[in-house]
Amino acid sequence: MPRVALTAEAAVEIARSFNGTLVVLKVILEGGSHKTEADGVRLAVSGDDQVVAAYNDLERRHAGASIVIQRMVSGLELMVGSRRDPHFGPTVSVGPGGIFVELFDDLALRLAPVTQFEAQEMLQETRAGRLLEGFRGQPPADAQAVVETLERLSRLVAAYPALAEIDINPLIVLPKGQGVRAV
């Protein structure tokens, strides 16, 4: 679970609470700026000294921004999202995530809500769907968890018209049977 640190000392305590696993420090930026482009992410940070250095560096670069610390999670990065089209209503989309969402033109899009079958079709339409199957010796990822995420997100946006836009990027897909994590 991500937690906000208000000081470098608090960042160390939060990082320690993850029992020695690698952590990520991120700034929360106003206006939807990309954290990586704004140099607002520090990955694979371990140990008190590295946490303090990463925290102080982010604080210096982004004065006044909140800094979040969370456990480092690795896996296949997808983007799932929704936008409310003024003519058609809520849509749901999926494709490669992280920095690749803008690089590749590889999104599948449907009107919400979607069924399990439609969510599976969406994944099969993207190159990311091939990656979920286990590409070039990689173990298969938890495609079923992605399907469930798409179904649930689509029901949420269909039920709440006030939700104009939601992006989960990246959605980390863990190995088969282990689920997904929104980071």
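Strands (E, at least two residues) and helices (H or I, at least four) are taken here as DSSP runs, numbered from the N terminus, and two strands count as paired if DSSP finds at least two bridges between them. The model is predicted, so local features need pLDDT of at least 70 and side-chain atom pairs count only at pLDDT 80 or more, while totals for chains, interfaces and linings use all residues. Residues are numbered from 1 along each chain as its sequence is written, and side-chain values use heavy atoms, with hydrogens and water left out.

Select residues 180-182 and 165-173, which are strands E9 and E8; the two run antiparallel and are joined by three bridges, and Leu 171 has Ala 182 in E9 as its bridge partner.

Widen the selection to the open sheet of five strands, ordered E7-E6-E5-E8-E9 with antiparallel pairing, where E7 (108-111) and E9 are the edge strands, each pairing on one side only. Next add helix H6 (143-159), which lies across E5, E6, E8 and E9 and runs at about 20° to E5; angles are between N-to-C directions, from 0 to 180 degrees, with axes fitted to C-alpha atoms, for helices over the stretch in contact, and contact means heavy atoms within 4.5 Å. Helix H4 (116-125) lies across E6 and E7, at about 155° to E7.

Now move to the open sheet of four strands, with the order E1-E4-E2-E3 and antiparallel pairing. Its edge strands are E1 (3-5) and E3 (41-45). Select Lys 26 to find Val 41 of E3 standing opposite, then show helix H2 (47-61), which lies across E1, E2, E3 and E4 at about 175° to E3.
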